[in-house]
Amino acid sequence: MANISTYILDTGIDINDKVIGTDGTTGEDQGKTKNFSVSALRSFIGSGGNFVTKKITVSTAQLRTIHTGPVVLIDLTDNEVADVVSVIIKTSNQTSQNKLNFPDALTIEPAISNNTSYNYPIAAASLNNTSNIVYKPIVAAGGTDPGPIVGDVRFKSTSSSNAPTETGTATTEVTIWITYQIIDIS
């Protein structure tokens, strides 16, 4: 095995990636070197009631096509649910000369409906604002506590036919801070 400092840094962490660690469970494997998947570590850490705040920056290219495909914010496996407790949004680089104009609200919602009216709507007026405001959406009117989310959590347009229009050359970004815990339900 080469010196660890010679390995390249992986900036695209995936739930299927593996890390090396030492087995700490009492028994014949105690102290042995093992592989641990990022997915297994995430489930283990999430099962302890630990909340995570994840920062996701949605690029101009992703925003231009947000009406045709969602951006996954939390990638869950089949035996996981997410308990989302807070969402904060910031739209950046919107100027009167160079911006994206969103005709419809965007939402943060589960990919799989769990028979609730839960979603976090982000009003078009907040997205189109040129003041780089920080915005905290709340669960939609009529919604209840979102409870555990089944399926991935995604950021998407409320309309599949209305693309944002571009003024000048937009460099718009939306940064999302989402606080949640993942619970293993297997």
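Strand 4 and strand 11 (residues 153-157) run antiparallel and are joined by 3 bridges. One pairing to look for is Val72, whose bridge partner in strand 11 is Arg154. Please keep in mind as you browse that this is a predicted model.

**The sheet around these strands**
- Strands 4 and 11 belong to an open sheet of 4 strands, arranged in the order 4-11-7-8 with antiparallel pairing.
- At the edges sit strand 4 (71-74) and strand 8 (120-122), each of which pairs on one side only.
- From one strand to the next, the twist averages 25°.

**A loop residue to find: Ile112**
- Where is Ile112? Look in the loop between strand 7 (106-110) and strand 8.
- Is Ile112 buried, partly exposed or exposed? Its relative accessibility is 45%, so Ile112 counts as partly exposed, given that this class runs between the 20% limit for buried and the 50% limit for exposed.
- Ile112 and Asp152 are 40 residues apart along the chain, and their C-alpha atoms are separated by 7.4 Å.

**The protein as a whole**
- In total, the secondary structure comprises 3 helices and 13 strands.
- Of the 186 residues in the protein, 36% are buried.
- Among contacts with a separation of 6 or more, 76% are between residues 24 or more positions apart.
- The protein exposes about 10400 Å², and 53% of that area is supplied by carbon and sulfur atoms.

Notes: Residues are numbered from 1 along each chain as its sequence is written. This is a predicted model: local features need pLDDT of at least 70, side-chain atom pairs count only at pLDDT 80 or more; totals for chains, interfaces and linings use all residues. Side-chain values use heavy atoms; hydrogens and water are left out. Two strands pair if DSSP finds at least two bridges between them. Helices (H or I, at least four residues) and strands (E, at least two) are DSSP runs, numbered from the N terminus. Axes are lines fitted to C-alpha atoms, for helices over the stretch in contact, and angles run from 0 to 180 degrees between N-to-C directions. Buried means under 20% relative accessible area, exposed over 50%, partly exposed in between (1.4 Å probe, protein chains only). Contact means heavy atoms within 4.5 Å. Accessible areas come from the Shrake-Rupley method with a 1.4 Å probe; for residues, only the protein chains shown count as cover.
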